[in-house]
Amino acid sequence: MLDKPQVNIFVICDRVIRDQNGKPSLLGVFDTLTFPVFPAVFPFVLFTQIVAPKGEYQFSIHLSETESAPKKLFEEAIKVADDPGRAYVETNLSLLFDHPGLFEFRLYINAEPKLTCPFRVYQVVQVAPHA
């Protein structure tokens, strides 16, 4: 029997759509961002599936860069209606990146670390075409 929440899915994607029954479909799953210049802003969705006993849980997402202290981006209470049950959390974010680097999202449930989702941000130098 499940005695505490487990995270089955924690991914970055462009968009989540749902069919008429509520089934989610993730579009544009990725782990790398590229920009020609910085600073750069990028909107995206963090999609999470949690399986847990019936109850209410405090859900939070933090962002960290390599060795820096994590910064809390999002927090909310989530409810799981069945025992065990599933909860889907779609977190819409738009972040400003000042520079390239290795980053990670950290997922916490009731202040307990559950999972990380690392991703890279690159700068791509665009070469002008020869005339």
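## Q49 and its surroundings

In which strand is Q49 found? In this predicted model, Q49 belongs to strand β5, which covers residues 40-52. Q49 has a relative accessible area of 8%, and because that value is under 20%, the residue is classed as buried.

Once residues up to four places away in sequence are set aside, Q49 touches Q6, V7, N8 and I9, together with R86, A87 and Y88. With Y88 there is also a polar contact, formed between the two side chains at 3.2 Å.

## The largest nonpolar core

The largest nonpolar core holds 30 residues, and among these F97, F105 and F119 touch the most other members. At least two residues of this core come from each of the strands β1 (6-13), β4 (32-35), β5, β6 (55-65), β7 (71-80), β8 (85-97), β9 (101-109) and β10 (112-123).

For F119, when neighbours within four places in sequence are left aside, the contacts include the phenylalanines F97, F103 and F105, as well as I12, L33, L63 and L102. F119 is also in contact with D31, G101 and E104.

## The largest pocket

The largest pocket encloses about 240 Å³ of space, and its lining consists of 13 residues, of which L63, E65, K71, L96 and F103 are the closest to its centre. Strands β6, β7 and β8 each contribute at least two residues to this lining, which in composition comprises seven nonpolar, three polar and three charged residues.

Two of the residues closest to the pocket centre, L63 and F103, also appear among the contacts of F119.

Methods. Residues numbered from 1 in each chain as written. Predicted model: local features only at pLDDT ≥ 70, side-chain atom pairs only at ≥ 80, totals over all residues. Heavy atoms only, no water. Helix = DSSP H or I, 4+ residues; strand = E, 2+ residues; numbered from the N terminus. Buried < 20%, exposed > 50% of the residue type's maximum accessible area, 1.4 Å probe, protein only. Polar contact = N/O pair within 3.5 Å; in protein donor to acceptor, adjacent residues only side chain to side chain. Contact = heavy atoms within 4.5 Å. Core = buried A, V, L, I, M, F, W, Y, C linked by side-chain atoms within 4.5 Å. 1 Å grid on protein atoms, 1.4 Å probe; cavity = no way out; pocket = protein on both sides within 12 Å on 5 of 7 lines; lining within 4 Å. Points joined across faces, edges and corners; volume = space filled by probe spheres on them. Nonpolar A, V, L, I, M, F, W, Y, C, P; charged D, E, K, R; others polar.
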